[in-house]
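Thank you for asking me to look this over with you. Please keep the sequence and the structure open while you read, and go through the points in order.

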Amino acid sequence: MHFELLKKYSGTAKIVLSFVLLLVVLDILFPLPPLKEYSKEILASDGTILTSYLTSDDKWRLKPNLDEVSPDLVKALIKKEDNWFYWHFGVNPVSVLRAAIKNLANGETVSGASTISMQVIRLLEQRERTYLNKIIEIVRTVQLELKYSKKEILEIYLSLLPFGGNIEGVKSASYIYFNKPPEKLSLAQSILLTIIPNDPNSLRLDKPNESVLKKRNQLIKRFEQKNIFLKDQLSDALNEPFVFQRNGLPNIAPQLCRFVRDKYSEDKINTTIDLDIQIQAERLLFNHVNRNWLRGISNGAVIILENKNNSVIAYCGSANYNDEISSGQVNGITAVRSPGSTLKPFLYALNSDKGTLTPKMQLLDIPTDFSGYQPENYEQVFKGEVTAEFALVNSLNIPAVRLLEKSGLEEFITFLEQAGMNQIQNQKNKLGLSLILGGCGVTLEELTQLFSSFAKKGMLVPIRYGSEDEMTDGIKIFSEQSCYIIGEILSGVERKDIVDLTYYSKLPKFAWKTGTSYGKRDAWAIGFNPNYTIGVWMGNFDGKGSPFLSGTEAAVPLLFDLFNSVDYKSDSKWFDLPEGLAKRKVCSETGLLPSANCTNITLDYSIKDVSRNTVCKLHQPVYVSVDESVQYCTDCLPEKDYKRNIYPLYEPDLTIWMMQNKYSFNKPPEHYDKCQAKYTSIGPDILSPTEDYEYLIEKNSGQEIMLLAASDSRVKAHYWFINDKYFSKTKPGEKVFYAPEKNNLKITCLDDKGRDKSVSINLKFY
Ligand SMILES: [Zn+2]
Ligand SMILES: [Zn+2]
């Protein structure tokens, strides 16, 4: 039965099939002209257009989605141009017939039969008006209808309609003539836009033109007669005034727009920018730079990340994009600059994760020579010994460089490379210990991304600019515990760089680190809390320094303003105390686990199974006389009249520094001078020079005298001083030479047990 039916129709089926095949071949051989290039649009996260760019043929050709256009405008256009648009297949047979009859009767070409689809074809490819071309256009129109839905055709139409000059499409026209998105057009404005494309070169809206309004009102009346739209609406439209003008397209966040335009290829780029926050940040940065202008600071940059999805919600690459004097078009967020001290928290966090550092541990802050490199502290004073947290909050340089040397420069560079610091990766073979003080290049973008890992339990997640950018988990670079500790240290209220808080009503809690580059060319402040990570850079794009360009003075106030304004709704929820982080008792002078000799105890963070359990060895018992004037060893200890005191026995470096700087510290008294064992433990024996010899020195000859001392085998180092000024470090028995320039030399040798000997020598110059 079925077979017979098939046989019966097989002939017809073959014909139909061949016809379809022919159409497919024709469609391949003569494809529809390509759609035109659209203006690239950059949108805020709420869909507001931030900016748009001219196409390569210099047109404003913005592509509206149908839902972005006022329904009144769509309705007016369809009613005016092609009432049966949704019903025909591209060609309206009734109007074709009507036009053909008219043409025959009048002997001229009348173009009344054009549907919207046919107009689209004509907008895509221009042809001379001939009958043959008319037929080609009809074929093309059918092709168009087969390829696109009615909605798509309408959208192409709305984006190609000419509005005079280089303005194409209703979206471009809406922004340029009415300064608003096409969904907000009034009925009068919508109707006005439907008549311009009929004669875009004379019906212009950028200068006063009576005939435009006349034509608008004619169309309004026609709609009134045909009962299209409500009567009240139409009479309002009739009376609506119109201002002839031409506006520019929006130009919000120009630095961000240029940045994402180059980053993404789409016509419409939906960014993660929060328009309100962007505008607030721009205003705060602009005002802040204005206030600092006379202090030699002409620019700044701000980037704000929302931590929960790692998206950029504000991006200000310069204070004023249009200011050429300050090179406002330079993007301060991607510019490579010296980070000053901003990398220090990462080094502290790394050491915390290694177990070698807790906040209360002591770090040396004394002048140190790192094979010729002698860093200074910012305030050019040294503090002797400080806790790690004090060193970090006050951004002391020596403790940071010592820490970097101890924990390994290579390892830190590798860490920074893996943490997305691309500039550092490029320079890695040229970097030295000064890296931790800013002797390298970073961008504000990289730095802020890295700081956001502190707010994300140690996960480094790439910054998202586009709302469609993938959300990744990122990589783990710190433990949650170390992040918490760094957050606590850097948010401490005892910070001295804190701004006058009475000025801020809604300031949330946040942690921050400042940075000032060498020569005061860059001022940084990067802050984070659970909600946001904010990066601020201040400086000049020509690289000029200013005495006011310090992180604390120039960048911190803006960071405070930004947190105050962006996060004011915050109920100040801080990070949760992570599991495995607890406080333990430590010796308050070393931050190490207390021994029985430690008397001052304090509490310090410790990470379970990570922080080392080193016991304090600073405090050692020493036998002394009751009046504490004589020290005894076990050999000379009397049977009574002695006591056991605890003394801190500092590292030799620190002992020397404290002696040099006349620090008073608790030192054990001299060893009992009648002790027989004393000579083996009395300290260095200076063998050269000697007091009982007169040295003859030829003037200006550079002639040297030898310094040499011996010690018992427990001594590992000698420290030489000339007239109480540090000169050199040697091993016991190792010679060192000194060229004296004047008489009266006091030469001191100090051993690493803190014992010293001095000789005063006679020199004779000839
Ligand atoms: Zn102790
Ligand atoms: Zn003794």
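**Notes on the model**

1. Please begin with Asn597, which lies in the loop between strand 15 (581-587) and strand 16 (601-607). Bear in mind throughout that this is a predicted model, and read each point below as a description of that model.

2. Is Asn597 buried or exposed? With a relative accessible area of 14%, Asn597 falls under the 20% cut-off, and it is therefore counted as buried even though its place is in a loop.

3. The surroundings of Asn597 can be described through its neighbours: leaving aside residues up to four places away in sequence, Asn597 touches His619, Gln620, Pro621, Arg644 and Ile646. One of these, His619, also takes part in a polar contact, in which its backbone oxygen is reached by the side chain of Asn597 at 3.2 Å.

4. A second asparagine, Asn426, is found in helix 17 (residues 422-427), and its relative accessibility is 60%. Because exposed means over 50%, Asn426 counts as exposed. Along the chain Asn426 and Gly441 are 15 residues apart, and the C-alpha atoms of the two are separated by 9.3 Å.

5. Turning to the strands, please look at strand 26 (residues 745-751), which is mostly covered, since six of its seven residues are buried. Which strands pair with strand 26? Strand 23 (residues 718-722) is joined to strand 26 by five bridges and runs antiparallel to it, with Phe721 standing opposite Thr748. Strand 27 (residues 756-765) also pairs with strand 26 in the antiparallel sense, here over six bridges, and in this pairing Val759 of strand 27 is the bridge partner of Ile747.

6. The connection between strand 26 and strand 27 deserves a separate look, as the two form a hairpin with four residues between them. In the turn of this hairpin sits Gly754, whose phi is positive, at about 90 degrees.

7. Strand 27 has a further partner, strand 21 (residues 694-697), and these two pair in the parallel sense over four bridges. Within this pairing, Ile697 stands opposite Phe765 of strand 27.

8. Finally, where do the side chains of strand 21 point? They alternate along the strand: Tyr695 and Ile697 point to one face and are buried, whereas Glu694 and Leu696 point to the other face and are not buried. Ile697 thus appears twice in these notes, as a buried residue of strand 21 and as the residue opposite Phe765.

Conventions
Residues are numbered from 1 along each chain as its sequence is written. Chains are lettered from A and ligands numbered from 1 in the order in which they are written. This is a predicted model: local features need pLDDT of at least 70, side-chain atom pairs count only at pLDDT 80 or more; totals for chains, interfaces and linings use all residues. Side-chain values use heavy atoms; hydrogens and water are left out. Buried means under 20% relative accessible area, exposed over 50%, partly exposed in between (1.4 Å probe, protein chains only). Two strands pair if DSSP finds at least two bridges between them. A polar contact is a pair of N or O atoms within 3.5 Å; within protein, one must be able to donate a hydrogen and the other to accept it, and residues adjacent in sequence count only if both atoms are side-chain atoms. Contact means heavy atoms within 4.5 Å.
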